[in-house]
Each structure stands twice: as structure tokens, then as C-alpha cells.
Amino acid sequence: MTKPRDIRAAILSAVTERGEGKTVCPSEIARQLGGSDEKVWRLLMAPIRQVAVDLALSGEVRILRKGRAVDPRDFKGIYRLAPASEEAGAGNSASVLPVSQ
């Protein structure tokens, strides 16, 4: 059984490694912790969501939907995780690089 502290460490590590301007899909965390067996990693999605909410409420990460920060207490559907220090609304998927200005 994966413990919340292990999930927390995996989320924080992933968003830090991915860096500013990029996001992490929660399923990446689930696969990292649970392996490639979908029946195993899918069971981790709810605990990962709860830890992500806790981390967002404490200001350690941001939860994004459609590239915008959402209220961690009230969001539905697909989401991504970003470092807390990013500008609001600046979240991009890992495959998209920010435009230099």
C-alpha cells in the first residue's frame, strides 16, 4: 500500500523536476508509484488527488484545469499539477514551451 507521504514526495519531486512553465499529470505519479499495471495505478488516482489537494491548500503546488489555477476545494475532472511559484494561469503541458518575450 502506498502511503500519503510517499505520494506527497512523488508529487513534489515531479513538479520540481518538470520545472516552471510545465505541468505533471497525476497519472504519471500513479504509474511511477504503482507500475505499469493499470489495475494497480488506477487505484492510486483518488489518494493522489487527495494529497494534491492538501499540497495545493498548503501552497506547495497548484492544481490546474485547462491551463488555469482552480480552487483545490472545488474542482472536477481532469487536472494537472504545477509548481506553486508559477504565475497564475501560466500552466502549460510538458510538451509546450513558453514563448520568450
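Select Ala 84 to begin: with a relative accessible area of 30%, Ala 84 is partly exposed. You are looking at a predicted model, and this residue makes a good starting point for a walk through it.

**Stop 1: Ala 84 and its surroundings**

Ala 84 sits in the segment after strand 3, which covers residues 80–83. Now add Gly 59, Glu 60, Val 61 and Arg 62 to your selection; Ala 84 touches these residues, leaving out those up to four places away in sequence. Next, show the C-alpha atoms of Ala 84 and Val 15. They are 69 residues apart along the chain, and 9.1 Å separates them in space.

**Stop 2: the whole chain**

Zoom out and colour the model by secondary structure. How many helices and strands are there in the chain? You should find four helices and three strands. Follow the chain along the sequence and the pattern reads α-α-α-α-β-β-β. Of the 101 residues in the chain, 35% are buried. Among contacts with a separation of 6 or more, 53% join residues 24 or more positions apart.

**Stop 3: helix 1 against helix 2**

Two packed helices are described by the angle between their axes and the distance between the axes. Try this on helix 1 (residues 4–18) and helix 2 (residues 26–34): their axes come within 10 Å and cross at roughly 125°. Helix 1 and helix 2 are therefore oblique to each other. Their crossing is right-handed.

To see where they meet, show the side chains of Asp 6, Ile 7, Ala 10, Ile 11, Ala 14 and Arg 18 in helix 1, then those of Glu 28, Ile 29, Gln 32 and Leu 33 in helix 2. Colour this contact by residue type and you get six nonpolar residues, one polar and three charged.

**Stop 4: a residue inside helix 2**

While helix 2 is in view, pick Ser 27, which belongs to that helix. Is Ser 27 buried or exposed? Its relative accessibility is 12%, so Ser 27 counts as buried. Add Trp 41 and Met 45, which Ser 27 touches when residues up to four places away in sequence are not counted.

**Stop 5: helix 1 against helix 4**

Keep helix 1 on screen and bring up helix 4 (45–57). The axes of helix 1 and helix 4 come within 9 Å and cross at roughly 65°. That makes helix 1 roughly perpendicular to helix 4. This crossing, too, is right-handed.

Which residues meet here? From helix 1, select Pro 4, Ile 7, Arg 8, Ile 11 and Leu 12; from helix 4, select Pro 47, Ile 48, Val 51, Ala 52 and Leu 55. The residues of this contact are nine nonpolar, no polar and one charged.

**Stop 6: Arg 49**

Stay on helix 4 and click on Arg 49, which is part of it. Arg 49 has a relative accessible area of 26%, so it is partly exposed. Its contacts, leaving aside neighbours within four places in sequence, are Phe 75, Lys 76, Gly 77 and Tyr 79. Draw a line between the C-alpha atoms of Arg 49 and Tyr 79: the two residues are 30 apart along the chain, and the line spans 9.2 Å.

**Stop 7: the nonpolar core**

Now look inside. The largest nonpolar core has 22 residues, and those touching the most other members are Ile 11, Ile 29, Ile 48, Val 61, Ile 63, Tyr 79 and Leu 81. Helix 1, helix 2, helix 4 and strand 1 (61–65) each supply at least two residues of this core.

Centre the view on Leu 81. Beyond neighbours within four places in sequence, Leu 81 is in contact with Ile 11, Val 15, Lys 22, Thr 23, Val 24, Ala 52, Arg 62 and Ile 63.

**Stop 8: Val 24**

From Leu 81, move to Val 24, in the loop between helix 1 and helix 2. Val 24 counts as buried because its relative accessibility is 1%. Not counting residues up to four places away in sequence, Val 24 touches Ala 14, Val 15, Arg 18, Ile 29, Arg 80 and Leu 81. Val 24 and Ile 63 are 39 residues apart in sequence, with 9.8 Å from C-alpha to C-alpha.

**Last stop: Lys 66**

Finish on Lys 66, in the loop between strand 1 and strand 2 (68–69). Lys 66 counts as exposed, at 80% relative accessibility. Check its backbone as well: phi of Lys 66 is near 55°, a positive value in a residue other than glycine.

Technical notes
Residues are numbered from 1 along each chain as its sequence is written. This is a predicted model: local features need pLDDT of at least 70, side-chain atom pairs count only at pLDDT 80 or more; totals for chains, interfaces and linings use all residues. Side-chain values use heavy atoms; hydrogens and water are left out. Axes are lines fitted to C-alpha atoms, for helices over the stretch in contact, and angles run from 0 to 180 degrees between N-to-C directions. Angles under 35 degrees count as roughly parallel, over 145 as roughly antiparallel, 65 to 115 as roughly perpendicular and the rest as oblique. A crossing is left-handed if the near helix is turned anticlockwise from the far one by less than a right angle, and right-handed if clockwise. Contact means heavy atoms within 4.5 Å. Ala, Val, Leu, Ile, Met, Phe, Trp, Tyr, Cys and Pro count as nonpolar, Asp, Glu, Lys and Arg as charged, and the others, Gly among them, as polar. A nonpolar core is a set of buried Ala, Val, Leu, Ile, Met, Phe, Trp, Tyr and Cys residues joined through side-chain atoms within 4.5 Å. Buried means under 20% relative accessible area, exposed over 50%, partly exposed in between (1.4 Å probe, protein chains only).
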